[in-house]
Amino acid sequence: MIDTPSLVDQYCHGVLRTELGLGTFEARLARTEGPPAPGTTLFDTQTGFAVRRWCPPLLGLEPHCPPARYLARRRELGVLEASRRLLRGSGITTYLVDTSPPGDLTGPGEMASAGDARAHEIVRLEPLAEQVADTSGTVDSFLANLAESVHAAAAHAVAFASAAGVRHGLALAPEPPGPGEVRRAAGRWLAGRRAGGELSDPVLLRHLLWIAVASGRPLQLHAGLGAPGPSTDRADPLLLTEFVRATAGLGTDLVLLHGYPYQRHAAHLAGVFAHVHVDAGAALARTGARAAAVLAETLELAPFGKILFSSGAQALPELHVVGARLFREALGRVLGTWVAEGAWSAGDAERVAGMIAAGNARRVYGLG
Amino acid sequence: MIDTPSLVDQYCHGVLRTELGLGTFEARLARTEGPPAPGTTLFDTQTGFAVRRWCPPLLGLEPHCPPARYLARRRELGVLEASRRLLRGSGITTYLVDTSPPGDLTGPGEMASAGDARAHEIVRLEPLAEQVADTSGTVDSFLANLAESVHAAAAHAVAFASAAGVRHGLALAPEPPGPGEVRRAAGRWLAGRRAGGELSDPVLLRHLLWIAVASGRPLQLHAGLGAPGPSTDRADPLLLTEFVRATAGLGTDLVLLHGYPYQRHAAHLAGVFAHVHVDAGAALARTGARAAAVLAETLELAPFGKILFSSGAQALPELHVVGARLFREALGRVLGTWVAEGAWSAGDAERVAGMIAAGNARRVYGLG
Amino acid sequence: MIDTPSLVDQYCHGVLRTELGLGTFEARLARTEGPPAPGTTLFDTQTGFAVRRWCPPLLGLEPHCPPARYLARRRELGVLEASRRLLRGSGITTYLVDTSPPGDLTGPGEMASAGDARAHEIVRLEPLAEQVADTSGTVDSFLANLAESVHAAAAHAVAFASAAGVRHGLALAPEPPGPGEVRRAAGRWLAGRRAGGELSDPVLLRHLLWIAVASGRPLQLHAGLGAPGPSTDRADPLLLTEFVRATAGLGTDLVLLHGYPYQRHAAHLAGVFAHVHVDAGAALARTGARAAAVLAETLELAPFGKILFSSGAQALPELHVVGARLFREALGRVLGTWVAEGAWSAGDAERVAGMIAAGNARRVYGLG
């Protein structure tokens, strides 16, 4: 039996601090545009079934109990105690937490304390730029403050994350935009923008990526069909090939998050380029009983030293639990089968399991 | 053991009324451009092997018997009796029948009687427009008759189907074309057209889709690599994303037919948009022994209330049989494995099996 | 148990004649841009693990022994003896050898003698054109010599191979370029070229493909993510659809090499077009323990008479071994499972195994 006693979750968000009813809980199980279809429920999904499998026992209930019963028990314990039990039952010992959007989700400190774990901050680039825009009066001050903010964030964050692919699609021009191009784009964006307005200008998105690359911190890039967005047809990580090539040899690692259903494409990039790594996890909480099949596709082309676990969880600690449990079970089953078939040695399988679960993340993010 | 005693086939065609020789039978096993390569036979395909597995016992022969022996027995029984035995052995209790092209295939009434089942009509949009063009003298009368024909069809058909994706590719402009644009396109098409000429003009294809959407009947869209066509490189259902977004909230359901090999992409759309549903079946008759693996990919992202069975069969009742039998066996195996692994409860598995086999179709098509 | 006692390797290269240290051996295990990432090794890949599984026993060591020990034993035997033992242990009885690039790898004669097998030559088009360019003074002589060289190669080679997809992407215009277009492209290329310069002009690449098609010899086309290149985002074999349609009925067979991760797309083309065949093998040596899962995807849509084994191996005889061993084991497992499930008859499975392993290649390449 291959086991992974300690997990580093290389990408997640915090959890909600408020009590949830059945409907608000259900709405957090999946990323949709609009409510579920009449006559259907988001509990009837792989994620819903996985939550019902793994989480009730952590709160003292039977696996697969009905959603209403689970939610009642969750409220009975209170959101703080329920989160505490869930996070501590996940097997995750280090959380890397994307702290945007701020406000309603717990930050790294609270995650560490609730989960009896270590936690570090990931800074998302686009919300950072929007914050800077909210407080900068001119194009000049915006660009200067932006550079300074990224620089300052690099001093305390373990990584940057970008959702440029969700905002605009991954087919961005690979090279850094020139200073004049950036000034003009910033001028246009700031002129047309109200406070809080989202950044989706492709020139500024590229500018941000290149400032982050220059910082030397690992840069996480959302790829694949993770969230609804205007660009679901431009989410193939292979569209990043030229950007990847342009950033090779600069000393900054790239990490392709999620990737599904293009996990084989992401794995190919990790196989060809030394600085590219791939996520194995965020897709698992969405594919539930199929986690082993999905994970195995990443394990085809990606070098085993380039694959990193994440839960991709957001808002519900249940999603941290199912991300972690599904990953551990899937990895154990896939590698265990290969050992049983004689394809891998048991020693290699244990070593690789430890690398994917924690070791690779410790090396890439310098977690000591 | 998960079972599905009753199947609603949400998309199929009728069957041939004439006796078939070995060569004409073989030619109906697959959609090809031109005859099979010298030295090969279409019986040596997943579909050919599946027919030889499932159909001979329904005609009193051993599974896997040679094609020539099977065809001899088929002729001995006569096409009517053979069709009767095959359709009644399929497990399908309701057929939704695409009635185009008219003439050589049985219609819903004959399918119901031969199969001892219920049957309803699906109206395909493009042949309807071609019929209207054949009998309309002017652009004005064509457009008026077209609107009236779709309206009339909506009164008796349970759904519309469109092969716009096969005719032109799925990257159609999402919004409805303006009236002037439609008139100009109709003028061009009618002027250059001989009787029976196919509709492939993208403006008129979009116009048809939007008339159908306005009718409120579910709209089935062919997607994926189902049939040869000029646009096999533009068959990814993700290309429909903007059309899907434009039709959200209008009260009309979309059903993505076939989808293979992009079944994960189709499932993503069903997960994100309330009005999108996906087919699980039409690809199975083509992938045979791999049916469970293909079906399982649809079950990753698609909510279980949004997945509908179809056989996708045409011309040969053998294809209705293999579509249905492969689906039942694949679904039973996939869900049964998840129950055995503890990932799903047995009760959930039985419930979901019934939804995919029949319940979801009854809800979407209002079959009562 | 399904077995394939004799394999025709429809596409490979020769092996190195020089002794290899640990680092130079590792570098040949995968196609990368630049060295592996610090803290990782290319031995920690599916290919690395497959080499450690299958090759040590052929040199008298335990499976899965450490790389350093394996390399020491390899040097102890000497490169010639090690190659001889490995090739003879592969199960391959006929090698079709791509003889470009010339010089440092063994040719067909040496492969036959080292492997106790038959061997035939495959001529790669682009290096042939580059050789002709090196020795032609004018555009006229270049074009005349090119036609003559392809014609002469067709007399002794069993097939042509093209890497146009790697050089330029697969979205080439389908029709043959006109004579004036070819002359202008040749003029531009020759004028800007130094001796040895690579051919990547799309007009000349198409011209070469059409000269090869006219020869009647099977034409092998690299597709999928096989090697790093400028065009990794344009490697989907479906991009070849119009070229495939344009070459239908001309009497020349096309063989899509590698294909991964688009093996289902390649299989679709083989199902629709009589003259298209697909490779099942080159991807297996790269996906190792996942070989059965990858192979099974090709077996979904491709007619069984259109699938051909290759190792895709280059430089290391270890890659011929793992290509062949993984293929045999994967094919035996996939077909054996289908027989055990009752989906296929044992007789059909054995017949199909023999076709894919050798029979189809004998027919397509006329190997007698």
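Begin at the boundary between chain A and chain C, where 32 residues of chain A are in contact with 33 residues of chain C; contact means heavy atoms within 4.5 Å. The model is a predicted one, in which local features need pLDDT of at least 70, side-chain atom pairs count only at pLDDT 80 or more, and totals for chains, interfaces and linings use all residues. Residues are numbered from 1 along each chain as its sequence is written, chains are lettered from A and ligands numbered from 1 in the order in which they are written, and side-chain values use heavy atoms, with hydrogens and water left out.

**Stop 1: chains A and C**

Keep both chains selected. Together they bury about 2,800 Å², with 53% of it on carbon and sulfur atoms; buried area is the accessible area (1.4 Å probe) that two parts lose on being put together, summed over both. Six salt bridges are found across this interface, a salt bridge being a side-chain nitrogen of Lys or Arg within 4 Å of a carboxyl oxygen of Asp or Glu. To see a salt bridge, select A:Glu341 and C:Arg333, whose side chains meet at 3.1 Å, N to O.

Next, superpose the two chains. A turn of 120° and a shift of 0.0 Å along the axis lay chain A on chain C with an RMSD of 0.0 Å, and the two copies are thus related as by a three-fold rotation axis. The superposition is by least squares on the C-alpha atoms of residues with pLDDT of at least 70 in both copies. To locate the axis, select A:Ala293: of the residues of chain A, its C-alpha comes closest, at 5.6 Å. Only 3% of the interface residues of chain A are also interface residues in chain C, so the copies meet through different surfaces.

**Stop 2: chains C and B**

Move to chains C and B. Here 32 residues of chain C and 33 residues of chain B make the contact. The area buried between these chains is about 2,800 Å², and carbon and sulfur atoms give 53% of it. Select C:Arg264, C:Glu300 and C:Leu301, which supply 20% of the area that chain C buries against chain B, more than any other three residues. The count of salt bridges between chain C and chain B is six. Among them, C:Arg351 pairs with B:Asp44, with the closest N and O atoms 2.9 Å apart.

Chain C is superposed on chain B by a rotation of 120° with 0.0 Å of shift along its axis (RMSD 0.0 Å). In chain C, the C-alpha nearest this axis belongs to C:Ala293, 5.6 Å from it.

**Stop 3: strand β2 of chain B**

Select residues 92–98 of chain B, strand β2. Helices (H or I, at least four residues) and strands (E, at least two) are DSSP runs, numbered from the N terminus. Six of the seven residues of β2(B) are buried, that is, under 20% relative accessible area (exposed is over 50%, partly exposed in between; 1.4 Å probe, protein chains only).

Which strands pair with β2(B)? Strand β1 (residues 7–12) runs parallel to β2(B) over four bridges, and B:Val8 stands opposite B:Thr94. Strand β3 (residues 118–124) is also parallel to β2(B), joined by five bridges, with B:Ile122 as the bridge partner of B:Asp98. Two strands pair if DSSP finds at least two bridges between them.

**Stop 4: helix α4 of chain B**

Select residues 79–88 of chain B, helix α4, and highlight the buried B:Val79, B:Ala82, B:Ser83, B:Leu86 and B:Leu87. These residues cover an arc of only 120° around the axis, which puts them on the same side of α4(B); the arc is that of the directions from the helix axis to the C-beta atoms. Elements covering them include α3 (67–77), β2, α5 (108–115) and α15 (317–340) of chain B.

**Stop 5: strand β5 of chain B**

Select residues 219–223 of chain B, strand β5, where five of five residues are buried. In a regular strand the side chains alternate between the two faces of the sheet. In β5(B), B:Leu219, B:Leu221 and B:Ala223 are buried on one side, and B:Gln220 and B:His222 on the other.

Add strand β4 (residues 159–162), which pairs with β5(B) in the parallel sense over three bridges. Strand β6 (residues 254–258) is parallel to β5(B) and joined to it by five bridges. Centre on B:Gln220, which stands opposite B:Ala161 and also opposite B:Val255 in β6(B).

**Stop 6: C:Ala133**

Finish at C:Ala133 in helix α6 (residues 125–134) of chain C. Is C:Ala133 buried or exposed? C:Ala133 is buried, with a relative accessible area of 7%. Not counting residues up to four places away in sequence, C:Ala133 touches C:Phe142, C:Trp189, C:Leu190 and C:Arg193.
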